[in-house]
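The following exercises concern the description of helices, strands and single residues in a protein model. Each task is followed by a solution in steps.

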Amino acid sequence: MTDKRAETEQLAKVWDNPGGWRALSDVNNSIVGLWYFAAAFAFMLFGGALALIIRMQLFVPESTLVTSEFYSQAFTLHGTVMMFLFAVPIFEAVAILILPGMLGARDLPFPRLSAFGFWCYLIGGIFVCGSIFFNAAPDAGWFMYPPLSTEQSGIGADIWLLGLSFIEVASIAAAVELIVGVLKCRAPGMHINLTPLYGWYVLVVGGMILFAFPPLIAGDILFELERLLDWPFFDVTRGGDPILWQHLFWIFGHPEVYIIFLPAIALLAMIVPTFAQREITGYSWIVLSALGTGFLSFGLWVHHMFTTGLPSVSLGFFSAASEAVAIPTGIQIFAFIATVMLGSVVRSVPMLFCLGALAVFIIGGLTGVMVAVAPFDFQVHDTYFIVAHLHYTLIGGMLFPVMAGICYYYPLIMGKELSRAYGIWSFWLMLIGFNMAFLPMHLTGMLGMPRRVFTYGADRGWTELNMVSSVGAFIFAAGFLLLVWDCVRPKRHQREAPRNIWNAGTLEWAASFGNTWGMRSIPEVNSRYPLWDDKDFLRKIDEGEGLLANAKEGRRETLVTSVLDAQPIQVLRVGTPTWLPMIAAAGLGGVFIFMTFKWWLPMGLGGVVFLVAVLRWLWTGTAEIPEKKTKDIGGGKRIPLYVSGYKSTGWWAMFITMTGDLTAFLALLFGYFFFWTIHPDFPPPDMFGPGWFWPAIAGVLILLAWALTLGARLVNSDGRSGLARLFLLLGGFATLCGGLALMAGPWTTGLDPTAHSYPAIVWALVIWILAHLATGMLMQGYGFARLVYGKATPTHDADLWNITLYWHFAAFSGVLTAIVIGGFPYLT
């Protein structure tokens with residue numbers, strides 16, 4: 001018993017959070033997740049305040065409460081905040097908080113990356129939201145359609161573009177962290193088919209982020225190049241087309257609805273079985289339906305563009321796809337209903353919000369099927385019917401489930417119970433207020449009230465409906481604020497909540513409140529509801545009978561397991577508190593923020609700060625050579641402290657990151673071929689392209705750089721480190737020459753990117769590849785330095801595996817670009 005007490009004290013010491021002002025350097029999921037959560041709700045309250053201003057303005061006809069300029073800014077920021085600063089980040093916040101416990105991990109694999117993502121999110125969010133206090137907020141709508149947004153004066157559009165691009169870095173960082181966490185950090189024995197449904201949903205949504213956000217980033221790049229350098233991607237007078245922006249935006253925008261919806265449904269998948277006191281009905285069907293929903297969501301984006309003059313065949317295809325997505329969505333909802341019907345339901349506040357969520361979302365889903373029919377969409381497009389549909393879908397499909405999740409997980413996270421009375425009052429105020437606010441908008445829209453108007457005439461017949469909507473909005477806000485107050489009110493004299501207060505069966509409830517390491521020991525799992533199936537489960541964990549029950553080396557550690565069958569393959573030493581994520585985020589934030597104001601010197605300094613912080617972070621905190629090869633994790637098992645290649649979490653993180661990067665590149669390439677389809681002559685007859693000579697030379701040199709980098713890894717694994725260093729140096733030189741050759745094509749042929757969309761898109765592709773080649777050179781230099789200083793060896797070569805993996809993607813993108821810009825004009 002004394003040994004076990006000493007082990008517990010050692011764990012507490014190793015995982016202890018820094019105190020005082022040093023707490024801002026923390027990276028533990030239990031703290032960073034709370035930061036995320038608090039920031040997301042602060043932004044939500046800000047966006048909600050803007051919504052109430054909008055409803056006050058529309059309460060009566062011909063209102064002069066606010067000016068049209070302020071209304072446009074408030075409207076734009078309301079949508080921007082709710083979509084980009086609340087709906088997606090709240091998923092990341094909840095996942096960072098509860099996913100490690102649910103998987104039986106001590107922490108996620110890259111806690112410093114989570115902290116970096118949070119600071120990027122916070123800085124970017126404050127920058128975007130703060131603009132309205134200086135009358136500089138974006139005012140062209142949260143979708144920023146050109147030409148209005150590209151031609152407006154001021155910096156509002158730049159703030160939107162650059163601020164949100166910065167925030168998207170946080171989303172992709174969180175996606176990498178969460179995907180790797182689900183794939184590689186599940187408790188031993190937790191086979192892929194035993195993964196909690198929340199983990200499956202996180203996996204699907206993380207993958208969707210990788211394929212949905214990059215097209216928007218690509219669009220942001222083209223957008224800012226037009227505003228900053230006058231490159232005419234969306235200017236029809238010089239061969240551009242604003243429809244390209246709509247495609248890139250909605251390729252992101254519609255999957256984002258499901259990126260928002262699926263994590264919230266995931267919360268229902270955890271809550272409903274608990275209060276039905278039985279396992280979920282149709283586990284496999286729910287998993288397949290979530291995968292199907294994620295897949296189909298990428299085939300729906302054009303139903304936002306039915307009125308843009310698309311061919312009839314396109315209307316028919318995307319209308320059918322929009323109808324089809326109702327099938328997997330319906331399967332998930334029916335599975336929850338079946339679970340409730342087959343179980344013995346325990347009445348509770350979380351269950352109230354779950355039932356409210358299902359009721360509201362079903363209405364939103366039905367109106368979604370209506371607007372998926374093109375002839376009907378022609379009638380209600382850009383009216384308040386769409387506003388009603390959007391809010392029924394998002395609030396029913398996201399906000400109500402999040403409220404249920406807060407009530408459900410609050411005792412686990414904060415150690416106190418929420419008030420049942422407050423919760424019931426909050427639910428009914430929100431449900432009644434929401435329907436009062438948004439149900440009349442269906443009628444308002446059918447009567448012809450367009451979106452985004454800041455006032456209306458008394459003779460239009462919209463007055464009474466708008467009054468009801470405005471009153472309902474305030475009732476809804478009152479219910480929401482009541483729950484917020486219940487969460488933040490002092491509870492010092494309230495008793496601590498019992499452990500596993502709801503008698504849940506999933507693994508996260510095995511943790512005790514206040515333990516930053518999660519569970520006393522990592523259990524071996526053989527069922528989906530281990531707390532129900534093994535009544536002795538908690539005792540075994542608490543007495544250290546699981547794995548990795550000690551921290552003798554004084555390091556924060558968690559287990560890495562195989563992807564499919566969750567067999568232990570590594571003891572991973574995770575990051576400890578440091579200021580580097582905050583410094584890196586501040587430096588990168590400086591790049592985006594100072595670029596907005598065209599302050600080039602501070603922007604450059606921000607880039608230097610970011611680069612130095614990241615290099616320091618990587619040099620000292622990743623691929624560390626351990627003091628011994630293996631560690632005893634208990635149960636008679638010894639596993640390695642160091643692995644490389646596809647077994648390592650770093651390799652998976654690089655693969656996932658580069659998958660998202662490749663998606664952004666393909667979105668840029670989509671722009672090239674989009675222009676080709678809309679122009680009878682592309683390139684224009686008077687514009688001789690970059691030719692084939694220089695692109696061909698560039699392609700060969702890029703392939704040579706890739707081959708040398710791959711060769712460096714291979715010869716190093718054979719013990720020839722000196723030759724590996726030489727290959728990396730030669731690879732860097734080939735990379736430099738390849739970049740110069742790629743740039744020489746459009747440069748020597750005099751392609752002026754301000755003259756026409758053709759040279760503009762060619763230069764955009766070239767700049768994208770040049771940036772990746774520069775990063776590749778930096779990586780080659782980093783690998784060279786690791787070899788020189790003995791931080792990489794023939795048996796400790798994780799860095800070289802990751803650098804080579806980067807070059808697989810970079811070489812593919814570079815060669816494809818050379819083929820397209822050099823060869824495609826001659827093939828048409």
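**Exercise 1.** Describe how helix 23 and helix 24 are arranged relative to each other in this predicted model.

*Solution.* Step 1: helix 23 covers residues 721–748 and helix 24 covers residues 757–788; their axes come within 9 Å and cross at roughly 165°. Step 2: angles over 145 degrees count as roughly antiparallel. Step 3: helix 23 and helix 24 are therefore roughly antiparallel to each other. Step 4: the crossing of helix 23 with helix 24 is left-handed. Step 5: the residues of this contact comprise 18 nonpolar, 8 polar and 1 charged.

**Exercise 2.** Determine the relative direction of helix 11 and helix 12, and name the residues that meet.

*Solution.* Step 1: the axes of helix 11 (residues 326–342) and helix 12 (residues 349–371) cross at roughly 155° and come within 12 Å. Step 2: the cut-off for roughly antiparallel is over 145 degrees, so helix 11 and helix 12 are roughly antiparallel to each other. Step 3: helix 11 passes helix 12 with left-handed geometry. Step 4: from helix 11, Ala326, Thr329, Ile333, Phe336 and Val340 take part, and they meet Met351, Leu358, Phe361, Ile362 and Val369 of helix 12. Step 5: by class, the contact of helix 11 with helix 12 holds 9 nonpolar residues, 1 polar residue and no charged ones.

**Exercise 3.** Are helix 14 and helix 16 roughly parallel or roughly antiparallel?

*Solution.* Step 1: helix 14 (residues 384–414) and helix 16 (residues 463–488) have axes that come within 11 Å and cross at roughly 25°. Step 2: because angles under 35 degrees count as roughly parallel, helix 14 is roughly parallel to helix 16. Step 3: helix 14 and helix 16 cross in the left-handed sense. Step 4: Ile395, Leu399, Met403, Ile406, Cys407 and Tyr410 of helix 14 meet Phe476, Phe480, Leu483 and Cys487 of helix 16. Step 5: the residues of this contact are 10 nonpolar, with no polar and no charged ones.

**Exercise 4.** Describe the pairing of strand 3 and strand 4 and the turn that joins them.

*Solution.* Step 1: strand 3 (residues 630–634) pairs with strand 4 (residues 637–640) in the antiparallel sense, over 4 bridges. Step 2: one bridge links aspartate 632 with arginine 638 in strand 4. Step 3: the two strands form a hairpin with 2 residues between them. Step 4: in the turn, glycine 635 has a positive phi of about 65°.

**Exercise 5.** Which of the classes buried, partly exposed and exposed applies to aspartate 799, leucine 618 and lysine 13?

*Solution.* Step 1: aspartate 799, in helix 25 (residues 798–827), has a relative accessible area of 9% and is therefore buried, the cut-off being under 20%. Step 2: leucine 618, in helix 20 (residues 600–621), is partly exposed because its relative accessibility is 31%. Step 3: lysine 13, in helix 1 (residues 2–14), has a relative accessible area of 67% and so is exposed, the cut-off being over 50%.

**Exercise 6.** Which residues does aspartate 799 touch, and which does leucine 618 touch, when residues up to four places away in sequence are not counted?

*Solution.* Step 1: with that exclusion, aspartate 799 touches Ala623, Tyr782, Arg786 and Lys791. Step 2: under the exclusion, leucine 618 touches Tyr782 and Arg786. Step 3: Tyr782 and Arg786 thus appear in both lists.

Methods:
Residues numbered from 1 in each chain as written. Predicted model: local features only at pLDDT ≥ 70, side-chain atom pairs only at ≥ 80, totals over all residues. Heavy atoms only, no water. Axes fitted to C-alpha atoms, helices over the stretch in contact; angles between N-to-C directions. Parallel < 35°, antiparallel > 145°, perpendicular 65-115°, else oblique. Left-handed = near helix turned anticlockwise from the far one by under 90°. Contact = heavy atoms within 4.5 Å. Nonpolar A, V, L, I, M, F, W, Y, C, P; charged D, E, K, R; others polar. Pairing = 2+ DSSP bridges. Buried < 20%, exposed > 50% of the residue type's maximum accessible area, 1.4 Å probe, protein only.
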